[in-house]
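Hi everyone, thanks for making time this morning. Could you pull up the model on your screens so that we can walk through it together?

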Amino acid sequence: METLRNEAQAGPEAAEAQAQAGAVKTKSDVLLVIPAYNEAENIERVVDEIIKDYPQFDYVVVTDGPTDGTDRICAYRGYNTVNLPENMGLTKCFHNGMKYAYQMGYKYAVQFDGDGQHRPEYIGAMKKKADEGYDIVMGSRFIGLENKMNPIRSLGSHMIKFAIRLKTGANVTDPTCGLRMYNRKMIKMFAERLDLAPEPDTIAKLIKSGAKTAEVPVKVADRENGESYLKPAKAAKYMVRILKSILSGS
């Protein structure tokens with residue numbers, strides 16, 4: 001990625017400030033938006049692989065007020081980074097990344113985890129599908145490739161799948177897979193609206209509003225370091241909340 005390394009920006013308007021400052025020269029039409037809270041044990045492995053093996057894609061790490069030094073690691077390594085001043089949650093974190101993507105003129109933005117579970121080798125296939133005219137291209141662990149998945153999470157994912165089909169008529173086989181590519185129209189929507197979260201209920205809402213979606217088969221890696229935010233109890237509450245949101249949506 002061709003960059004002019006400036007100090008990382010901070011604050012809720014960080015994305016706008018960095019874009020206006022011209023801190024990065026884009027060379028790709030695809031930007032990987034990498035939200036990162038406490039990913040000190042993972043972020044170097046994730047970003048270094050992108051830089052070394054997938055230089056055709058640009059990236060931005062959006063640090064979400066980490067307490068483990070993730071932001072300091074990114075600064076030390078010279079990564080392209082937007083730093084939020086405090087923990088603002090995934091929705092606002094992703095909003096800042098999409099705002100950056102929109103202001104920098106990217107054609108596609110990819111929701112890409114900072115824990116190493118999302119694999120960059122599938123982005124080419126996602127872009128190829130997006131080039132066919134789809135607004136959102138999602139990775140799916142349930143078509144084409146074998147994935148090991150926690151039985152409870154698998155059940156929850158299938159329940160959300162059926163809820164989306166019930167409300168929209170669309171067959172989204174893996175709505176909880178967070179590896180998603182958005183086109184320019186979707187980037188603009190996420191950049192301008194804080195009510196759009198990078199979650200399955202938002203995907204259902206966008207489908208109902210006319211968004212064209214597609215899926216490509218992906219494998220998701222196991223988290224090697226750190227702890228997942230969605231421990232069993234939180235995962236169950238998350239699934240219930242998402243199901244309620246989808247089924248109550250107008």
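I'll go from the overall picture to the central strands, then to the core and the aromatic rings.

Please keep in mind that this is a predicted model. The protein has nine helices and eight strands. Of its 250 residues, 50% are buried. If we take the contacts between residues at least 6 apart in sequence, 77% of them join residues at least 24 apart.

Let's start with strand S3, residues 58-64. How many of its seven residues are buried? The count is seven of seven, so to speak a full house. Asp 58, Val 60, Val 62 and Asp 64 are buried on one side of S3, while Tyr 59, Val 61 and Thr 63 are buried on the other, and both faces are covered.

Now for the strands that pair with S3. S2 runs parallel to S3, and six bridges join the two. Val 60 in S3 is the bridge partner of Val 33. S3 also pairs with strand S4, residues 81-84, again in the parallel sense and over four bridges. There, Val 62 has Val 82 in S4 as its bridge partner.

The helices tie into this nicely. S2, H2 and S3 form a β-α-β unit that is right-handed. S3, H3 and S4 form a right-handed β-α-β unit as well.

Let me stay with helix H2, residues 43-53, for a moment. Its buried residues include Ile 43, Val 46, Val 47, Glu 49 and Ile 50. Why do these belong to one side of H2? Around the helix axis they span an arc of only 155 degrees, which places them on the same side. The cover over the buried residues of H2 includes strand S2 (30-36), strand S3 and helix H3 (70-77).

Just ahead of S2, have a look at Ser 28, which sits in the loop between helix H1 (14-21) and S2. Ser 28 has a relative accessible area of 12%, so it counts as buried. In sequence Ser 28 is 30 residues from Asp 58, yet their C-alpha atoms are 5.9 Å apart in space. Beyond its neighbours within four places in sequence, Ser 28 is in contact with Gln 56, Phe 57, Asp 58 and Tyr 106.

On to the core. Which residues have the most contacts inside the largest nonpolar core? They are Val 33, Met 98, Ile 136 and Tyr 182, in a core of 36 residues. A separate core of 27 residues lies apart from that one, and among its members are Leu 32, Tyr 54, Ala 130 and Met 181.

Let's take two of those well-connected residues in turn. Val 33, leaving aside neighbours within four places in sequence, is in contact with nine residues you can click through: Val 60, Val 62, Phe 94, Gly 97, Met 98, Ala 109, Val 110, Gln 111 and Phe 112. Ile 136 is in strand S6, residues 136-140. Its relative accessibility is 0%, so Ile 136 counts as buried. With the same neighbours left aside, the contacts of Ile 136 include Met 181, Tyr 182, Met 186, Ile 203 and Leu 206. Ala 109 is 27 residues from Ile 136 in sequence, and the two C-alpha atoms are 9.8 Å apart.

Last topic: the aromatic rings. There are four aromatic pairs in the count. One of them is Tyr 59 with Tyr 79, an edge-to-face pair with 6.4 Å from centre to centre and 85 degrees between the planes. This pair links distant parts of the chain, with Tyr 59 in strand S3 and Tyr 79 in the loop between H3 and S4, 20 residues apart. Tyr 59 is buried at a relative accessible area of 1%, and Tyr 79 is buried too, at 7%.

What about Phe 94 and Phe 190? Their ring centres are 5.6 Å apart and their planes stand at 85 degrees, so this pair is edge-to-face. Phe 94 belongs to helix H4 (residues 90-103) and Phe 190 to helix H7 (residues 184-192), and the pair links parts of the chain 96 residues apart. Both Phe 94 and Phe 190 are buried. Through ring pairs, Phe 94, Tyr 182 and Phe 190 join into a cluster.

That's my tour, and thanks for listening.

Conventions
Residues numbered from 1 in each chain as written. Predicted model: local features only at pLDDT ≥ 70, side-chain atom pairs only at ≥ 80, totals over all residues. Heavy atoms only, no water. Buried < 20%, exposed > 50% of the residue type's maximum accessible area, 1.4 Å probe, protein only. Arc of directions from axis to C-beta. Contact = heavy atoms within 4.5 Å. Pairing = 2+ DSSP bridges. Right-handed = clockwise from strand over helix to strand, strands pointing away. Core = buried A, V, L, I, M, F, W, Y, C linked by side-chain atoms within 4.5 Å. Phe/Tyr/Trp six-rings, centres within 6.5 Å; stacked < 30°, edge-to-face > 60°.
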